[in-house]
Amino acid sequence: MESSAIDLAEELIRDALPSVVARALAAPEIVSGVEQAGLDPDALRRQVLAATDEVVRPASRALETFRQAALAEQQWRGAAEPTEHSSRPGLRPLGLTQARAEWEHIVHEDGVLPMLRRIINEALEPLQWTTLTVESAPGLVTLRDSSCIVDTSSTKRFRAVVNQLPSGAIGLAGPRGAGKTTLIEQHLGQTGRPLTMFVSAPVQYEPREFVLHLYATLCRAVLARYGEEPHVRTSSEARHNRWINTRLLLTALTMSVAAVVCVILVVGWTPLLHDPKAFGAHVRNGSLLPSGLLVLMVMAIVATVGVRRSQDWQSRVFGRPTAALVETAGQRLRQIRFLQTNTVGWSGKLALPMKMEAGWTRSTQQAERPRTHPEIVTELCEFLAEVVAVNHGNPSVIVAIDELDKIESAEQAQCFVNEIKSVFGARRTQFLVSVSEDALASFERRGLAVRDAFDSAFDEIVRIDHLTLADSYLLLRGRVLGVPEPFLCLAHCMSGGLARDVLRVTRSMVALVEAEAEADTDANADPSLDAVCRALVREDVQRKSHAFQLAVGGLTTTEDTTDFLRALRSLRADAALLCAALPALNPRGQVGGEPFDRLRRQSAAHAYHCATLLEVFDRSLDKDRTARGRDDPADPGSFDALAGARQAIAVHPRLAWVMLDDFRKAWGLPAVSI
């Protein structure tokens, strides 16, 4: 039956993929791009269908869900038997139609459309090199999905590491916005059999509460995976149920005979046969009550034992391994906050013929009891072992812990990892943890005299780097059609190669085109490169100036801080004005103390970078100059170097300034010295 479910999944790909491709080719965005590029839709369709493995890869987990739903459907149709009161063979499992629709949606959005956009963009040569004409970009709406992932050297190394280490802890380090969370989510989405969990680390240092949350999340994941599996009653179970009913009927008849025998022993044959009035007197005075109660008690005990033995036998023969795991998960989920205590004792009395007395009472209480951190960790590891024993595969469980890099200080992050790292040793369990770059630096210093929690906790830490210009090209060409190359370069340089910001800048460009189209009816009034760059720089300067002003507001007010705030408020999206404001932002020879000096250096470097953008991305940027900034990433005058300067502003503003000087010299622009 498993092989037939796999065949059905392959049939889904064979039958449904052509309709998905046809729906994508009919999208207005694709139709317009095909017409502009002069491509043949039939040739496009054949090209996409020839790359079936690539376009269905983002939906691998949805395909596994479809396989499971197909297996349940086959069980319902073939292995089920009519119930006692209905000719229908049990309750039909739901989800097959929903699973197919989900698979088709993921393949359409994350597989077919990105491939079509890349093919069209390769064939589409912009008619106006420095004019943006894109008015709609549906692919830029969603920020976090598998189509955001670009196959860079970092992502390839990450996939290699997760395949090599099915157990243990793997860290992902990199700047915020580099795509660590998206990469983890894509890996979880492409994993079929393992039980997956995704949790976020607390911003405050709370290891005990986090492990408790992780424990509860694991229980809920087990219940979600196995708790609602459709149960199909097979013919063997039906025969066993009939045997149980027959056995209970025979037990009842036997107890009835035993009751009659007890009555005869107490009363005798004579009152029953010859003196009914005497028998009535026995009933009225209660002399038969002890015997009747004794018979009823024996009947209840026998029936209970018989039913429990039958249930135990049925559980051993027909029970699924996951049934006990589901029951355990529910119990442990309740026990995370409450401890159930049972008190059992004997009390009361029952008068029997032989002066016997018996009684039974039971009470149940629920009381909160704080659990210690070692207790929680131990129970979590034990339950992980139970899950691994049932859920086959290697890894059997994947736990993703996100946002560990957002804990306030590196010291707290180390303490946090030190508290939870004992969980990382669970067998056939893979932990994916997003960590800070400080953790990566500590891990890379392993083997030296100084060791810390990161060194001992992680088996490997993979750095997720910023995107290169080629990576940004690949990302955007899978998300939007018809963006000229200079605008792609502008998005890369202004974002610093952060995947999230690359998409944000491009969305702002498209929004600017839409706003111009609404404000001006002239069809030839599309935004030029210098107009788009000026609008983006204006918005960026306003936001950063506001952020710097808020930061200075928390410092002691002095004459220097006042002059600095005045300089910030005078900034405009003009290259000459920005360069003229640099001495006021960071005066030579003045020392205001940290963190004020750092704010001044950062603000000046940011203004210097914005001025450089305005001087480079204008109408004079032709194909030859664009090729110069694109072809050699190691050149100080490359667009990758300009994006690298943007990256360095927050960490090392002095380095950013030097990189900007080198870039400007390579482009024949005057360097500014302060």
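# A walk through the predicted model

V483 is placed in the loop between α19 (469-477) and α20 (485-495). Helices (H or I, at least four residues) and strands (E, at least two) are DSSP runs, numbered from the N terminus. This is a predicted model, in which local features need pLDDT of at least 70 and side-chain atom pairs count only at pLDDT 80 or more, while totals for chains, interfaces and linings use all residues. Residues are numbered from 1 along each chain as its sequence is written, and side-chain values use heavy atoms, with hydrogens and water left out.

V483 has a relative accessible area of 11% and is therefore buried; buried means under 20% relative accessible area, exposed over 50%, and partly exposed in between (1.4 Å probe, protein chains only). In sequence V483 and T130 are 353 residues apart, while in space their C-alpha atoms are 9.9 Å apart.

Two other loop residues can be set beside V483. G38 lies in the loop between α2 (28-37) and α3 (41-50). With a relative accessibility of 63%, G38 counts as exposed. Its C-alpha atom and that of I120 are separated by 9.2 Å, and the two residues are 82 apart along the chain. R428 is found in the loop between α16 (410-420) and β6 (429-435). The relative accessibility of R428 is 18%, so R428 counts as buried. The phi angle of R428 is near 55°, which is a positive value in a residue other than glycine.

The next topic is empty space inside the protein. Rolling a probe the size of a water molecule over the atoms shows where empty space is left. On a 1 Å grid over the protein atoms alone, a cavity is a set of points where a 1.4 Å probe fits but cannot get out, and lining residues have an atom within 4 Å of a point. Grid points are joined across faces, edges and corners, and a volume is the space filled by probe spheres set on the points. A search of the whole structure gives 1 cavity of 30 Å³ or more, and the largest cavity holds about 30 Å³ of space.

Which residues line the largest cavity? They are V541, K544, S545, F548, L568, L571, S603 and H606. Two elements, α22 (529-553) and α25 (596-616), give two or more residues to this lining. The largest share, 4 residues, comes from α22. By class the lining has 4 nonpolar, 3 polar and 1 charged residues; Ala, Val, Leu, Ile, Met, Phe, Trp, Tyr, Cys and Pro count as nonpolar, Asp, Glu, Lys and Arg as charged, and the others, Gly among them, as polar. Among the lining residues, H606 lies in helix α25 and is buried, with a relative accessible area of 7%. H606 and S545 are 61 residues apart in sequence, and their C-alpha atoms are 9.8 Å apart in space.

The aromatic rings come next. A pair of aromatic rings is described by the distance of the centres and the angle of the planes. Rings of Phe, Tyr and Trp (its six-membered ring) pair if their centres lie within 6.5 Å; planes under 30 degrees apart count as stacked, over 60 as edge-to-face and the rest as tilted. The structure holds 8 aromatic pairs. One of them, formed by F564 and F596, is edge-to-face, at 5.6 Å centre to centre and with 90° between the planes. F564 lies in helix α23 (residues 559-569) and F596 in helix α25, so the pair ties together parts that are 32 residues apart in sequence. F564 is buried at a relative accessible area of 1%, and F596 counts as buried at 5% relative accessibility.

The rings of F639 and W667 have centres 5.8 Å apart and planes at 40°, so this pair is tilted. The pair links distant parts of the chain, with F639 in helix α27 (residues 639-651) and W667 in the segment after α28 (653-666), 28 residues apart. F639 and W667 are both buried. One aromatic cluster is formed by F617, F639, F663 and W667. The charged end of R628 sits over the ring of W667, 5.9 Å from its centre; for this, NZ of Lys or CZ of Arg must be within 6 Å of the ring centre and within 35 degrees of the ring normal.

Last come the cysteines. A disulfide is a covalent bond between the sulfur atoms of two cysteines. Here a disulfide is a pair of cysteine sulfur atoms within 2.5 Å, and the count by this rule is 0 disulfides. Why does C493 have no such bond? The cysteine sulfur closest to that of C493 is in C489, 6.5 Å away, which is too far for a bond. C493 counts as buried, at 0% relative accessibility. C219 also counts as buried, at 0% relative accessibility.

Terms used. 1 Å grid on protein atoms, 1.4 Å probe; cavity = no way out; pocket = protein on both sides within 12 Å on 5 of 7 lines; lining within 4 Å.
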